[in-house]
Amino acid sequence: MDEICAHIQLGQPPIRFLYESARVVAFQPAHPAWQAHIVVASRKHITSLATAAAADETTLVELLGIVARFSREVEDAWGGCHIFTDTGNHQNIPHLHFVLCAGRPTSTQTEAMTSPSMAGESVVV
């Protein structure tokens with residue numbers, strides 16, 4: 001079971017959902033890499049956006065709607081955000097999810113992955 005599936009299905013580690021439906025969840029990771037860090041994921045296992053099928057259309061529409069909703073909230077709080085998803089061998093977690101991030105990285109490991117335009121002092125979204 002991949003990390004996101006474990007988060008969603010087992011609640012390991014315990015997480016607080018920012019959004020939850022039968023198809024989609026949004027949450028802040030237990031160890032956020034940025035000051036504002038939200039993961040929006042499908043409950044159903046879909047490996048990536050590239051592998052999504054026509055049967056996944058309802059999930060994809062809801063998923064993108066929730067990404068849009070949280071991007072507006074993060075933009076209001078931080079002035080903008082980065083939104084990304086990966087496919088293929090660029091994925092470190094093979095489960096369809098979008099990451100919204102803003103502010104400064106919370107560790108030196110993420111500084112190299114973050115653009116210099118990300119700035120801010122608060123830690124909440």
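This passage describes the overall fold, the strand pairing, the nonpolar cores and the salt bridges of a predicted model.

The protein contains 3 helices and 5 strands. Read along the sequence, these elements follow the pattern α-β-β-β-α-β-β-α. Of the 125 residues in the protein, 42% are buried. The exposed surface amounts to about 7,000 Å², and carbon and sulfur atoms supply 54% of that area. Among contacts between residues at least 6 apart in sequence, 59% join residues at least 24 apart.

The strands β1, β2 and β3 are connected by hairpins. Strands β1 and β2 form a hairpin with 3 residues between them, and the two pair in the antiparallel sense over 3 bridges. Within this pairing, Tyr-19 stands opposite Ala-26 in β2. A hairpin is also formed by β2 and β3, here with 6 residues between the strands. The pairing of β2 with β3 is antiparallel and runs over 4 bridges; Phe-27 has Val-39 of β3 as its bridge partner.

In a regular strand the side chains alternate between the two faces of the sheet. In β2, both faces are covered. Val-24 and Ala-26 lie on one side, Val-25 and Phe-27 lie on the other, and all four are buried.

The largest nonpolar core has 18 residues, of which Ala-26, Ile-38, Val-40, Leu-63, Ile-66 and Phe-70 touch the most other members. At least two residues of this core come from each of β2 (24-27), β3 (34-42), α2 (57-78) and β5 (97-105). Helix α2 supplies the largest share, 7 residues. Another core, of 5 residues, lies apart from the largest one, and its members include Ile-15, Val-25, Phe-27 and Val-39. The bridge partners Phe-27 and Val-39 are thus both found among the residues of this other core. Ile-66, which belongs to the largest core, is in contact with Tyr-19, Val-24, Ala-26 and Val-40 when its neighbours within four places in sequence are left aside.

Tyr-19 is located in strand β1, which spans residues 17-20. Its relative accessible area is 18%, and because this is under 20%, Tyr-19 counts as buried. With neighbours within four places in sequence left aside, Tyr-19 is in contact with Val-24, Val-25 and Ala-26, and also with Glu-62, Ile-66, Arg-69 and Phe-70. The side chains of Tyr-19 and Glu-62 are joined by a polar contact of 2.6 Å. Between Tyr-19 and Val-40, which are 21 residues apart in sequence, the C-alpha to C-alpha distance is 8.6 Å.

Side chains of opposite charge can pair when their charged atoms come close. A search of the whole structure finds 4 salt bridges, and three of the pairs are described here. Glu-62, the polar partner of Tyr-19, also forms a salt bridge with Arg-23, in which the closest N and O atoms are 2.9 Å apart. This pair links distant parts of the chain, with Glu-62 in helix α2 and Arg-23 in the loop between β1 and β2, 39 residues apart. Glu-62 is buried at 14% relative accessibility, whereas Arg-23 has a relative accessible area of 36% and is partly exposed.

A salt bridge also joins the side chains of Glu-20 and Arg-43, with an N to O distance of 2.7 Å. Glu-20 lies in strand β1 and Arg-43 in the loop between β3 and α2, so this pair ties together parts that are 23 residues apart in sequence. Arg-43 is partly exposed, at 22% relative accessibility.

In the pair formed by Asp-56 and Lys-44, the closest N and O atoms of the salt bridge are 2.4 Å apart. Asp-56 and Lys-44 are 12 residues apart, and each is in the loop between β3 and α2. Asp-56 has a relative accessible area of 5% and is buried, while Lys-44, at 42% relative accessibility, is partly exposed.

Notes. Residues are numbered from 1 along each chain as its sequence is written. This is a predicted model: local features need pLDDT of at least 70, side-chain atom pairs count only at pLDDT 80 or more; totals for chains, interfaces and linings use all residues. Side-chain values use heavy atoms; hydrogens and water are left out. Buried means under 20% relative accessible area, exposed over 50%, partly exposed in between (1.4 Å probe, protein chains only). Contact means heavy atoms within 4.5 Å. A polar contact is a pair of N or O atoms within 3.5 Å; within protein, one must be able to donate a hydrogen and the other to accept it, and residues adjacent in sequence count only if both atoms are side-chain atoms. A nonpolar core is a set of buried Ala, Val, Leu, Ile, Met, Phe, Trp, Tyr and Cys residues joined through side-chain atoms within 4.5 Å. Two strands pair if DSSP finds at least two bridges between them. Accessible areas come from the Shrake-Rupley method with a 1.4 Å probe; for residues, only the protein chains shown count as cover.
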